[in-house]
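Please open the model in your viewer and keep the sequence panel beside it. The tour below moves from the whole chain to single residues, with a selection to make at each stop.

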Amino acid sequence: TWGCLDDLPTALRAMNLNPSERQLVEFRKELDSGNGAIDFVKFKAFMLPQLEEDPDTKDMLLNAFKIFDKNGLGFIQTAELKHVMTGLGERYSDAEFDELVRAVDRDGFIRMTSLPTAC
């Protein structure tokens, strides 16, 4: 498990989403693993479409990507991203990090064109 359903409103608001109470009820139903916890993989799959609908997300992702793509080559090393995220205090197991980048990791590199909202 990754988080608690009670923390869902705070997590969503931290991502600049402001769901109504009715939406929160629906989100909780969809994400509930049966014990009041949220599975990370399920949460990620649920959130991706939510974030893709937000026009600010594309700009945020592209700007963040450009910070790490210092040479402007259009890609960053997956290992570098993991190192930076760990340095920023993110706590992912190897399996969680691999799951997080699986859709965009191509042979140890993440290309800007492979980001879901950058297309």
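Of the contacts in the protein chain with a separation of 6 or more, what percentage is accounted for by residues 24 or more positions apart? The share is 55%, where contact means heavy atoms within 4.5 Å.

Before selecting anything, note that this is a predicted model, in which local features need pLDDT of at least 70 and side-chain atom pairs count only at pLDDT 80 or more, whereas totals for chains, interfaces and linings use all residues. Residues are numbered from 1 along each chain as its sequence is written, and side-chain values use heavy atoms, with hydrogens and water left out.

**The whole chain**

Select the protein chain and colour it by secondary structure: six helices and five strands should appear, taken as DSSP runs numbered from the N terminus (helices H or I, at least four residues; strands E, at least two). Followed from the N terminus, the elements come in the order β-α-α-β-α-α-β-α-α-β-β. With a surface switched on, the accessible area comes to about 7900 Å², and carbon and sulfur atoms hold 53% of that; accessible areas come from the Shrake-Rupley method with a 1.4 Å probe, and for residues only the protein chains shown count as cover. Of the 119 residues, 28% count as buried, a class defined as under 20% relative accessible area, with exposed as over 50% and partly exposed in between (1.4 Å probe, protein chains only).

**The largest nonpolar core**

Next, select Leu 5, Leu 8, Leu 12, Leu 17, Leu 24, Phe 27, Leu 31, Ile 38, Phe 43, Phe 46 and Met 47, the eleven residues of the largest nonpolar core. Such a core is a set of buried Ala, Val, Leu, Ile, Met, Phe, Trp, Tyr and Cys residues joined through side-chain atoms within 4.5 Å. Helix 1 (8–14), helix 2 (21–31) and helix 3 (40–52) each contribute at least two residues to this core.

Centre on Leu 5, which sits in the loop between strand 1 (3–4) and helix 1 and is buried at a relative accessible area of 8%. Residues up to four places away in sequence aside, Leu 5 touches Arg 28, Leu 31, Asp 32, Gly 36 and Ile 38. A distance label drawn from Leu 5 to Ser 33, 28 residues apart in sequence, should read 9.3 Å between C-alpha atoms.

Then move to Phe 46 in helix 3, which is buried with 8% relative accessibility. Beyond its neighbours within four places in sequence, Phe 46 contacts Phe 27, Glu 30 and Leu 31, and its C-alpha atom is separated by 7.9 Å from that of Leu 31, 15 residues away along the chain.

**The sheet and helix 5**

Now select strand 3, strand 4 and strand 5, which make an open sheet in the order 3-5-4 with antiparallel pairing; two strands pair if DSSP finds at least two bridges between them. Strand 3 and strand 4 (105–106) are the edge strands, each pairing on one side only. Between strand 3 and strand 5 there are three bridges in the antiparallel sense, and Ile 76 stands opposite Ile 110 of strand 5.

Add helix 5 (residues 78–87), which lies across these three strands and runs at about 65 degrees to strand 3; axes are lines fitted to C-alpha atoms, for helices over the stretch in contact, and angles run from 0 to 180 degrees between N-to-C directions. Within helix 5, pick Thr 78, which counts as buried at 7% relative accessibility and touches, residues up to four places away in sequence not counted, Phe 97, Val 101, Asp 105, Gly 108, Phe 109 and Ile 110.

**The aromatic pair**

For the last stop, show the rings of Phe 75 and Phe 109, an edge-to-face aromatic pair at 5.1 Å centre to centre, with 85 degrees between the planes. Rings of Phe, Tyr and Trp (its six-membered ring) pair if their centres lie within 6.5 Å, and planes under 30 degrees apart count as stacked, over 60 as edge-to-face and the rest as tilted. Phe 75 belongs to strand 3 (residues 75–77) and Phe 109 to strand 5 (residues 109–111), so the pair ties together parts that are 34 residues apart in sequence. Phe 75 is partly exposed at 31% relative accessible area, and Phe 109 is partly exposed at 24%.
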